[in-house]
Structure formats: C-alpha cells, structure tokens
Amino acid sequence: MSGVDKRVPITIVSGFKSNGKSEARLISPQVANILKSGSDLKTVVLTQDVQKIKDLADANAVQLAEDDCIQLKDGCVCCSLRSELMGQVYDLAKSEKYGYIIVEASDAADPEELAETFSAEMEDDEEDDEEADEEGLEIDEHDRIASEKVKQIMKEGGLNKFVKVDSAVTIVNAETVLSDFHSTEFVGDGSKKDDEEDEEEESTLTDALIAQIEFADAIYLNNASKASAEVKQQAHGVIKALNKRAKVIEIDNSAIEAKDVINAGLFTPVESFNPEWLRAVKNSAGGDSYANNNGIESFVYRRRVPFHPARLAKLFKESFHFIQQSEAQDDEWEDQEEDAEEDEGKGKGKAVAEAEEEEAPLDEITTENLVDASSRKQKGVFASLLRAKGSFWIASRVAVGGALQSSGPVLSVASGEMWYSKIPEEDLAQVTPDEQKYVREVVFDGKFGDRRQEIFIVGGPNFNRKEIEQTLDAALLTDDEFKTYTSIFDKELGVLEKDEELAKAFEGDSEFVQWADDLIMALLDEEEEDDN
C-alpha cells in the first residue's frame with residue numbers, strides 16, 4: 001500500500017455496560033460523548049445496543065442518520081469475531097460511505113482479539129474448507145453467507161487491507177476499579193451466574209477488566225471527582241502496574257473528547273501487542289523489574305529450581321479456585337460427550353445424566369465456587385494479590401513448561417511453551433529473534449537450558465512481597481529433592497521415560513492435567529534417539 005493510506009480507521013471502545021449496581025460503568029454514554037464532541041469524519045458505530053446509542057445521541061443533540069448506528073449481529077462482538085463482525089466491517093469499509101468506525105465492544109470481548117482481527121494479514125486456507133466438507137458439517141443459510149464473506153476477506157489478504165486500528169480505549173470506574181480485582185461477578189448483565197444455565201459463560205468481571213486495561217492505549221477513570229485522593233492514587237497505581245504505556249485520564253459522566261480518540265494514532269502493533277507483564281518478564285537485565293506505583297507493587301518471581309508438583313497443587317487449591325485447561329483433556333471430554341449423546345440416543349439417558357453428575361469439567365466456574373474461593377483467598381497470603389501471569393517449571397515434566405495466570409479468586413494453569421532446549425532445530429525459526437536472544441543471553445543455563453520460574457506478580461495495598469516469595473519458595477524442591485531430580489534428569493532416557501521416573505520420585509503429577517499429547521512426546525523421544 002503506497003501513497004495516501006485510504007484505510008478506514010477504527011477505535012475500539014471497551015468497558016462494562018452495567019453490573020446491576022451503578023450507571024457509572026455504562027460505556028454507551030462514552031460513545032455518545034465521543035460523537036457529541038464532534039469530528040469532521042462521517043462516523044459509524046457498531047454496537048450491541050443501537051437504541052441506547054440513538055437515545056443518548058438524541059438527548060445530547062447529536063445528529064445520527066438511521067444507518068449510522070449498526071447492530072452487532074448475534075449481539076456479541078466476541079461471538080462474531082471470525083464471521084459476523086468481519087463481514088460487517090468489510091462491508092462498511094468497501095462502501096466508502098464512512099471515514100471512521102467506532103466498535104463498542106461487549107462486556108466479555110477481549111479488545112486484543114478484536115485488534116488482531118482487524119490487523120492480521122490472512123491467507124485463504126483451502127485445507128480448512130476441505131476438512132469442513134469432509135466432516136459434512138451442517139450450517140444454516142445465515143452462517144453459510146457469513147462464512148463465504150470471511151473467505152472473500154481472506155482471499156483479499158485480511159481486513160487490514162481496508163481498515164486500521166487507530167486506538168483502543170477503555171473506561172473504568174475510579175471508585176471501584178481496585179475492588180473489582182476481587183470481584184466474584186460475571187460479565188454481562190451483572191447478575192449472578194446460574195449453575196444450571198449459561199454453562200458456556202466462563203469470563204469473570206475481573207478477567208474482562210484485566211484484558212481491557214492491559215491492552216488499552218487510553219484508559220479513562222470515570223467518576224473521578226467522586227473518588228477520594230487515596231482511591232484515585234491506587235487506581236492510577238494498578239493501571240500503571242498493568243499498562244505503563246497507556247494514557248490515564250480522569251473524567252466525569254463519561255465525558256470523552258473525540259479529539260483524544262478519533263484519529264489519535266495511539267495504536268502501534270509493536271507496543272500494543274507487547275503487554276506490560278511480558279515486558280517485565282523479558283527485560284534484558286533479567287532482574288525482578290520491581291516497581292511501586294502509589295502503593296501498588298509489582299515484581300517478577302524468578303527461580304532456577306522446579307516446583308514440587310504435589311506442594312504446588314496443594315497451594316493452588318487452598319488459595320484459589322484452581323482451574324486447568326488442556327487441549328488433550330478437551331479432546332477427551334469431546335469424545336465422552338459424543339459417546340454420551342450416542343448412549344442417550346439408545347435410551348441410556350439416565351446413565352448419562354448420572355455420569356455427568358459424577359464428573360464436572362476441571363475448568364467449570366460458578367458463582368458458588370468463586371465466592372468460596374474468594375473467602376479462602378482473603379484469609380491467606382494471597383489476599384492482596386491482584387494479578388499473576390507467567391511460566392513455571394514442575395519437577396515431573398521435563399519437556400514442556402506450564403502457563404499460569406490469576407485474576408480475582410481464580411488461578412488457571414495450562415500448557416505453556418516447550419522449553420527452548422527441547423525445540424527441534426528445524427522449528428527454531430518459529431521462535432522470534434527477540435525471544436531467542438533473551439533465552440540465549442539472559443536465562444539459558446548449560447545444564448537445564450531455559451527451565452525456570454518466571455511469574456509477573458502485582459499486589460495491592462498491604463501487599464507483603466516477602467511472604468509471597470517465601471510461600472512460593474516452600475513449594476520448590478528442597479536441596480535433597482533437587483539432587484534426586486538432577487540424577488534422574490542426567491539419565492539417558494527418552495522424554496516419556498524420564499517423565500515417568502520423575503513422577504514416581506515426586507508425587508502429585510496427577511494433580512495436573514496432561515499438557516502435551518502423546519504424539520508430541522513420542523516425537524521428542526525420536527529426536528533424542530537421533531541425537532544419541
């Protein structure tokens with residue numbers, strides 16, 4: 001693309017529409033104020049609540065044509081990412097009718113995923129189409145049209161050929177933003193999640209809040225004049241701990257000026273897709289990146305000794321609602337569901353129902369267990385913990401590290417990256433040059449490679465870093481246990497055999513779900529045999 005950039009700029013607006021408590025979190029007034037404060041560009045708004053925007057526009061003497069405010073199909077940005085939203089944005093850009101697009105994200109939408117959708121280059125993937133045809137997937141006419149539109153966008157190289165992200169802004173309540181980090185609510189209408197209904201909903205208010213703050217280019221502290229000086233200082237502190245690059249602006253009544261977010265040029269992919277926690281973890285000095293912002297502390301917990309699986313799992317379960325995510329486990333559950341559906345079709349419905357009662361997915365989150373976990377967390381060493389995210393090393397798994405993140409009373413664990421030292425030479429090209437440089441020059445050890453603990457931690461008022469570190473250290477292998485680990489690690493065994501022996505030496509591996517499937521492990525074994 002040369003000369004004048006004719007792509008249509010987009011501003012992504014996020015925040016909570018309502019949580020049943022206060023109008024302070026409504027983001028539709030925010031969009032109305034942007035429109036009210038004026039822009040020479042013909043602007044269109046994609047939103048869940050068209051009527052709300054139009055009513056607010058009328059109340060503020062903002063002229064909106066009938067088609068200047070468009071309903072997000074399916075009601076939710078996050079559900080429309082790959083089809084509905086892409087098609088709508090593509091049609092708007094191709095129409096050449098508008099000079100600017102505002103996307104008002106749903107409560108649960110991750111603004112980073114939205115920006116990736118608008119920014120990513122794409123190629124037409126005929127293999128996916130062939131797989132879908134082979135599986136004989138049935139789709140209705142509405143989905144078929146959306147799918148065809150996505151194929152067309154992919155053939156043309158992606159939405160980034162027609163639009164560009166200009167800014168991502170979010171609004172938070174200055175009075176409650178800190179307490180929201182301990183919330184047990186779910187995003188949406190603010191009502192408590194029914195254990196019997198809406199089983200697909202997994203995003204908590206805290207999850208959404210963190211995602212929005214970490215990615216935003218500009219963060220607005222709404223109702224700032226109502227908050228005390230101390231509360232405002234803490235709000236600024238937690239935002240800076242999670243996102244130093246963002247502008248933080250105090251406002252009242254959602255009064256955002258168009259000039260601050262329309263054609264503001266705040267979004268830069270290199271900066272925006274590199275979150276604060278990752279910057280802290282990957283700093284070239286390798287230190288703990290300690291910072292104190294108005295009483296909000298952050299640091300990176302680094303150790304070169306593995307965790308004992310049993311002690312770590314016990315700590316997680318006692319202190320949080322502990323959930324685990326695993327593609328291997330998900331595949332197993334999908335197989336179980338398919339078997340259950342077949343059994344139900346054969347008149348075995350009662351047996352299926354009983355089986356479902358006996359075993360719930362490990363990643364299930366309900367209001368009841370969130371409240372229970374919050375109570376336990378507030379009584380323990382992690383009471384002031386606001387955020388934790390990073391990678392960890394457990395003694396029973398030699399090839400793959402774990403990925404950890406906490407938000408509110410929830411701590412989730414999933415498979416992380418394969419340790420750098422285990423990546424086959426031909427696959428190293430997939431590792432970014434910056435990552436390779438960091439691993440080789442900062443963290444690589446001659447014996448254990450890049451295996452390490454590297455966890456970014458943010459704590460609020462009354463945070464006791466020393467106590468946190470001592471608690472985590474107690475879950476590491478002792479000196480004697482580490483000698484045992486080293487003796488097994490040094491043996492000329494395949495990955496599977498080594499993991500089995502380590503799991504026998506350090507009980508508790510079964511507390512963690514399978515991270516890498518057997519095929520990957522078998523391939524690693526082949527690599528080691530070739531090396532030997």
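Helices α5 and α9 lie oblique to each other. In this predicted model, their axes are 8 Å apart and cross at an angle of about 50°, a value that falls outside the ranges for parallel, antiparallel and perpendicular packing and therefore counts as oblique. Helix α5 covers residues 111-119 and helix α9 covers residues 205-215. From α5, the contact takes in Pro-111, Glu-112 and Ala-115; from α9, Ala-211, Gln-212 and Phe-215. Sorted by class, the residues of this contact are 4 nonpolar, 1 polar and 1 charged.

Helix α9 is mostly covered, with 10 of its 11 residues buried. Among the buried residues are Leu-205, Leu-209, Ile-210 and Ile-213, and also Gln-212 and Glu-214. Phe-215 belongs to the buried set as well; its relative accessibility is 2%, which is why it counts as buried.

Phe-215 also leads to another part of the chain. A search of the whole structure gives 21 aromatic pairs. In one of them, the ring centres of Phe-215 and Phe-267 are 6.2 Å apart and the ring planes stand at 55°, so the pair is classed as tilted. Phe-215 sits in α9, while Phe-267 lies in the loop between α11 (258-261) and α12 (269-272), so that the pair links distant parts of the chain, 52 residues apart. Phe-267 has a relative accessible area of 10% and is buried.

Helix α11, which precedes that loop, contains Asp-260. This residue is partly exposed, at a relative accessible area of 24%. Setting aside neighbours within four places in sequence, Asp-260 has contacts with Tyr-220, Lys-247 and Leu-266. Asp-260 is also 8.9 Å from Ala-218, C-alpha to C-alpha, although the two are 42 residues apart in sequence.

A second helix pair has another geometry. Helix α14 (residues 309-319) and helix α17 (residues 367-378) pack with their axes 7 Å apart and at an angle of about 110°. That angle makes α14 roughly perpendicular to α17. Here Lys-317, Glu-318 and Ser-319 of α14 meet Ala-373, Arg-376 and Lys-377 of α17. The residues of this contact comprise 1 nonpolar, 1 polar and 4 charged.

Aromatic rings appear again further along the chain. Trp-393, Phe-448, Phe-482, Tyr-485, Phe-489 and Phe-506 are linked into a cluster by ring pairs. One member of the cluster, Phe-448, also has a charge over its ring: the charged end of Lys-447 is 5.8 Å from the ring centre. A similar arrangement involves Arg-465, whose charged end sits over the ring of Phe-299 at 4.1 Å from its centre.

These details belong to a protein of 532 residues, of which 49% count as buried. Its secondary structure consists of 22 helices and 14 strands. Of the contacts between residues at least 6 apart in sequence, 79% join residues at least 24 apart. The ring pair of Phe-215 and Phe-267, with its 52 residues of separation, gives one example of a link between distant parts of the chain.

Terms used
Residues numbered from 1 in each chain as written. Predicted model: local features only at pLDDT ≥ 70, side-chain atom pairs only at ≥ 80, totals over all residues. Heavy atoms only, no water. Axes fitted to C-alpha atoms, helices over the stretch in contact; angles between N-to-C directions. Helix = DSSP H or I, 4+ residues; strand = E, 2+ residues; numbered from the N terminus. Parallel < 35°, antiparallel > 145°, perpendicular 65-115°, else oblique. Contact = heavy atoms within 4.5 Å. Nonpolar A, V, L, I, M, F, W, Y, C, P; charged D, E, K, R; others polar. Phe/Tyr/Trp six-rings, centres within 6.5 Å; stacked < 30°, edge-to-face > 60°. Buried < 20%, exposed > 50% of the residue type's maximum accessible area, 1.4 Å probe, protein only. Lys NZ or Arg CZ within 6 Å of the ring centre and 35° of its normal.
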